[in-house]
Every structure is written in structure tokens, then in C-alpha cells.
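Please read the following walk through a model with its sequence and coordinates open beside the text. The account begins at one turn of the chain and works outwards from there.

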Amino acid sequence: MKSLAVFSLKGGVGKTTAAVNLAHAAATSGGRRTLLWDLDSQGAATLLLRAAPPPPAARVKARAVLAGDAPLEALVEPTAFPNLSLLPADRSLRRLEADLAAAAEPKAMRRHLKALGPRFDRIILDVPPGRSALADRLFRAVDLLVVPAIPAPLSAAAEAALAGELARLGADAPPVLAFWNMVDRRRGLHRRLVEAAPERPVIPAAAVVEAMAETRAPLAVTAPGSPAARAFARLWSAVEMALLRA
Ligand SMILES: Nc1ncnc2c1ncn2[C@@H]1O[C@H](COP(=O)(O)OP(=O)(O)O)[C@@H](O)[C@H]1O
Ligand SMILES: [Mg+2]
């Protein structure tokens, strides 16, 4: 099993969008048994991928998991897509996030990922933005960070701040795969920034991406063959190569 977190210090840069499309690519074209773990209590990835309303037993199960009487795996739900499962962000699980971030149990995240390992080949975590104890724990537990960046003057500052955070972890820090998101090649600044880092995958700004909030499905399903869907497929290839090296 290999795990990655889609992370950024900034909100609204495309983390959830990338997590959902990458998870779907891993499950379908990659043929990997894939879990998307929605760690953001906003629950955007859960909203996009949840096939049905939470089952009535979900609350009871969540309580059992929090009490340590059931494995986290008990909360995994299937999605409408083959090979792709969801660990939803639920109000009843808020305490789990707090526990995962608690100083008393620095290895809890790693332990949970390991426990889910036999059932999944790829675990993709959608993480809330910003510095947090949870992010710190995650950095030490995952094999790769995938970081969306919007081509804007301040994105370099955010990337430098993240690099600083990771440098503090030394050898515990995971490798980073950054990509450009919401790129509009008609704009000079976008072209210049993208050309300055030609090795980085690029996702174009596209209406089909925005429409995911309504279609509630990955782009490979709703807009196959679109430039954005093809760009996510290339991003997945780059991610998979980085994971195999990690
Ligand atoms: N490549 C893109 N083109 C157009 N809109 C995008 C693109 N990527 C993300 N968006 C839109 O930007 C908003 C923020 O994206 P989201 O994935 O929710 O970001 P985050 O999880 O980082 O907060 C959403 O409305 C999403 O549809
Ligand atoms: Mg999000």
C-alpha cells in the first residue's frame, strides 16, 4: 500500500478536486484498490463521492471506532465507481481528527494507514488547508505529498513556507509533487510561471472541472477526452511514478 496526501497551506487551490480525480484514476485506469479518506470536516470529497446517504448504522459504527471497539475500516463505504472506496468526513468523526492530531499519540495516523493497508493499494487523503497538528502527523505518515499551486505571484511564497515546514522534519519529510492548477495559457503570467517549471504537470482552468460540484462525479466519467480529464490522467501517471519511487 502507498499513501498520499493532497495538501496545501492555502484553501481553494484544487485539493479536493485533485483528490477525487486522482483517486478515480488510481481505481480505474490504474486498477488499484483505492481509498479516498476525507479528512477535511467540510466534507467536500464526501459530498462528491458518497453514493448514498450515510447508512443508519454509521453513527453507531463511528462511536464504536472512536471507543476503540471497531477498526477504522468499519467506516469505509463503497462508491459508485469500481475499486474506489470512501472513508467519509462525518460529524461523528470530528473527534477522530482531534485524536489523530493529539500529541499523546504521534503515530496514530501511521498506525491507521497501516491497518487499512491490506485492503487497499492506494490511500489518498484530502486534507484541510493550513498548518495544523494533523498536517504535521500526516507529513510523517504518508509516502507522498501532492501539492496544487495556482499560477499567481503569492504561490511561490506559500510553496516556500511549506518547504520550510518540511525541512524541519528532516528525513521524515515525504517527497513533494507539485502541479499547476487552473492554468489559463492566454495569460502571460500563467505562461511565464508554467514555462519556468516545465517538469510540473499542468491542469487547465476549465468549466468541466467547476461543474463537478453538480455532476458529483470524476471528470473521466463526466467529460472523458476533455483537456482537463486528459490532464488529470497525466497527473495520475506522474503521481504513480513518484509513489513507486517513494
Ligand atoms: N482546474 C480547475 N478549473 C476550474 N475550476 C477549478 C479547477 N480546480 C478547482 N476548481 C474550482 O475551484 C474551487 C476550489 O476547488 P477545491 O478542489 O474545492 O479546492 P480546495 O479543496 O483546495 O479548497 C472549486 O469550485 C473547484 O470546482
Ligand atoms: Mg477541499
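**From a hairpin to the sheet**

In the hairpin formed by β3 and β4, where five residues lie between the strands, Asn83 adopts a positive phi near 75 degrees; strands here are DSSP runs of E with at least two residues and helices are runs of H or I with at least four, both numbered from the N terminus. The model is a predicted one, in which local features need pLDDT of at least 70 and side-chain atom pairs count only at pLDDT 80 or more, whereas totals for chains, interfaces and linings use all residues. Residues are numbered from 1 along each chain as its sequence is written, while chains are lettered from A and ligands numbered from 1 in the order in which they are written.

Asn83 is not a glycine, yet its phi is positive, and its place is in the loop between β3 and β4 (84-87). Asn83 is also buried, with 20 other C-beta atoms within 10 Å; a residue counts as buried at 20 or more such atoms, as exposed at 12 or fewer and as partly exposed in between, with C-beta atoms placed from the backbone. A second non-glycine residue with a positive phi, of about 60 degrees, is Met182, which lies in strand β7 and counts as buried with 21 C-beta neighbours inside 10 Å.

The strands of the hairpin, β3 and β4, run antiparallel and are joined by two bridges, and Glu77 has Leu86 of β4 as its bridge partner. Two strands are said to pair if DSSP finds at least two bridges between them. Both faces of β4 are covered, since Leu84 and Leu86 on one side and Ser85 and Leu87 on the other are all buried. On β4 there is also a parallel pairing with strand β2 (residues 34-38), over four bridges, in which Trp37 is matched with Leu87.

Trp37 has a further bridge partner, Leu125 in β5, and β2 and β5 run parallel, joined by five bridges. Strand β5 (residues 122-126) has five of its five residues buried: Arg122, Ile124 and Asp126 point one way, and Ile123 and Leu125 the other. β5 pairs in the parallel sense with β1 as well, over five bridges, one of the matches being Lys2 with Arg122.

Taken as a whole, the open sheet has eight strands in the order β3-β4-β2-β5-β1-β6-β7-β8, with mixed pairing. β3 (77-78) and β8 (202-204) stand at the edges with a single partner strand each, so one side of each is left without a neighbour in the sheet. Helix α12 (residues 227-245) packs on the sheet and touches β1 (2-6), β6, β7 and β8, where touching rests on contact, that is, C-beta atoms placed from the backbone within 7 Å of each other. The direction of α12 makes about 160 degrees with that of β8, for axes fitted to C-alpha atoms (for helices over the stretch in contact) and angles from 0 to 180 degrees between N-to-C directions.

Turning to the ligand, 17 residues surround ligand 1, and the closest are Gly14, Lys15, Thr16, Thr17 and Val209; a residue belongs to this shell if its C-beta atom, placed from the backbone, lies within 6 Å of the molecule. Two or more residues each come from α1 (15-27), β7 (176-183), α9 (207-210) and α10 (212-215), and the largest share, three residues, comes from α1.

How values were computed:
Contact = placed C-beta atoms within 7 Å.
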